[in-house]
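This report examines a single protein chain by way of its strands, its charged side chains and its internal space. Please consult the sequence and the structure while reading.

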Amino acid sequence: MRFGLKGITKSEVITHVLQHNVEEFSFDLRPKSFNFTQAYNIVSILKDFSTTGLNYQLIFENEKDFVVKSVLEQIEKDLGEKRIFHLEFSGETSIAELDSYGNPYSLHFKEGRKIAELTGAKNLKRIIFHQKDLQLYADNNELYGFLQLFSDLDEIVEFEILMEWDSQAIYSMFDYFPIKCLSFEVNNQVELSYQTVDITKVTNHLDFIQNDLNT
């Protein structure tokens with residue numbers, strides 16, 4: 001199982017959590033997000049870790065296609081190299097438009113999204129479930145039935161759970177549903193101040209979750 005951290009704004013955060021088995025990092029390009037960071041900062045961070053072989057995602061939400069393309073072009077230009085970035089979408093943009101970028105992408109699954117349209121997606125590589133949504137299904141004894149709706153996709157896409165810092169994982173589901181990655185998003189629960197991560201809280205929690213999974 002892989003571990004990811006979303007909302008990266010500083011290189012030192014990656015440096016610290018690398019020692020705690022985190023291999024995937026998402027940069028938030030949603031303007032209304034508290035973790036919003038600009039392309040030039042992403043470039044600076046990527047240059048610090050250009051040879052580590054880590055996985056990086058760029059998060060967008062309901063953004064116009066020309067904006068997404070412009071950001072990708074700007075990052076590649078400033079990096080001085082061609083990269084195929086893994087994109088991450090949390091909004092309601094159509095699958096056809098998401099496929100049109102030509103990049104592999106992850107999709108945050110939300111109520112209202114038709115599961116049937118996912119089966120025809122060309123570049124969809126991962127579906128992200130939010131723990132708070134899965135917990136609601138679990139509380140109503142509907143979790144197994146909900147996840148079974150995705151059983152036809154488990155051989156062609158990966159599954160990720162975006163965890164909550166203050167909630168316990170639903171460990172029982174790992175026995176019958178393939179989860180590739182557990183991720184966490186930086187928020188005020190693990191910040192000392194705006195965009196200043198409390199590294200101790202983050203790493204202690206990561207260690208706790210990983211120890212729980214191994215027992």
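## The internal cavity

The lining of the largest cavity draws at least two residues from each of strand 1, strand 2 and strand 8. The model under discussion is a predicted one. A search of the whole structure finds one cavity of 30 Å³ or more, and the volume of the largest cavity is about 30 Å³.

Which residues line the largest cavity? They are Gly 4, Leu 5, Lys 6, Glu 24, Phe 25, Ser 26, Gln 57, Arg 126, Glu 160, Cys 181 and Ser 183. Several of these names return in the sections below.

## The barrel

Eight strands form a closed barrel, and their order around it is 1-2-3-4-5-6-7-8, with parallel pairing. On average, neighbouring strands of this sheet are turned by 25° against each other, direction ignored.

## Strand 3 and its neighbours

Strand 2, which covers residues 22-28, runs parallel to strand 3, which covers residues 55-60, and five bridges join the two. Helix 3, formed by residues 65-79, packs on the sheet and touches both strand 3 and strand 4 (86-89). The direction of helix 3 makes about 145° with that of strand 3. Strand 3 is mostly covered, for five of its six residues are buried.

Individual residues show how these strands are matched. Phe 25 has Tyr 56 of strand 3 as its bridge partner, and Ser 26 stands opposite Gln 57 in strand 3. On the other side of the pairing, four bridges join strand 3 to strand 4, and these two strands are also parallel. Here Gln 57 has His 86 in strand 4 as its bridge partner. Phe 25, Ser 26 and Gln 57 are also among the residues that line the largest cavity.

## Salt bridges between distant parts of the chain

The count of salt bridges comes to 13. One of them joins the side chains of Glu 160 and Lys 6, with a distance of 2.9 Å from N to O. Glu 160 lies in strand 7 (residues 158-162) and Lys 6 in strand 1 (residues 2-6), so this pair, 154 residues apart, links distant parts of the chain. Are these two residues buried or exposed? Glu 160 counts as buried because its relative accessibility is 2%, under the 20% limit. Lys 6 is buried as well, with a relative accessible area of 3%.

Glu 160 and Lys 6 also belong to a network of linked salt bridges, whose other members are Arg 2, Glu 23, Glu 24, Glu 88, Arg 126 and Glu 158. Of the network residues, Lys 6, Glu 24, Arg 126 and Glu 160 appear in the lining of the largest cavity.

## Arg 30 and its two partners

Arg 30 takes part in a salt bridge with Asp 28, in which N and O are 2.7 Å apart. Asp 28 is buried, with a relative accessible area of 0%. Arg 30 is buried too, since its relative accessible area of 16% is under 20%.

Arg 30 forms a further salt bridge with Glu 185, and the closest N and O atoms of this pair are 3.0 Å apart. The pair links distant parts of the chain: Arg 30 is in the loop between strand 2 and helix 2 (39-48), whereas Glu 185 is in strand 8 (residues 181-185), 155 residues apart. Glu 185 is partly exposed, because its relative accessible area of 22% falls between the limits of 20% and 50%.

Conventions:
Residues numbered from 1 in each chain as written. Predicted model: local features only at pLDDT ≥ 70, side-chain atom pairs only at ≥ 80, totals over all residues. Heavy atoms only, no water. Pairing = 2+ DSSP bridges. Axes fitted to C-alpha atoms, helices over the stretch in contact; angles between N-to-C directions. Contact = heavy atoms within 4.5 Å. Salt bridge = Lys/Arg side-chain N within 4 Å of Asp/Glu carboxyl O. Buried < 20%, exposed > 50% of the residue type's maximum accessible area, 1.4 Å probe, protein only. 1 Å grid on protein atoms, 1.4 Å probe; cavity = no way out; pocket = protein on both sides within 12 Å on 5 of 7 lines; lining within 4 Å. Points joined across faces, edges and corners; volume = space filled by probe spheres on them.
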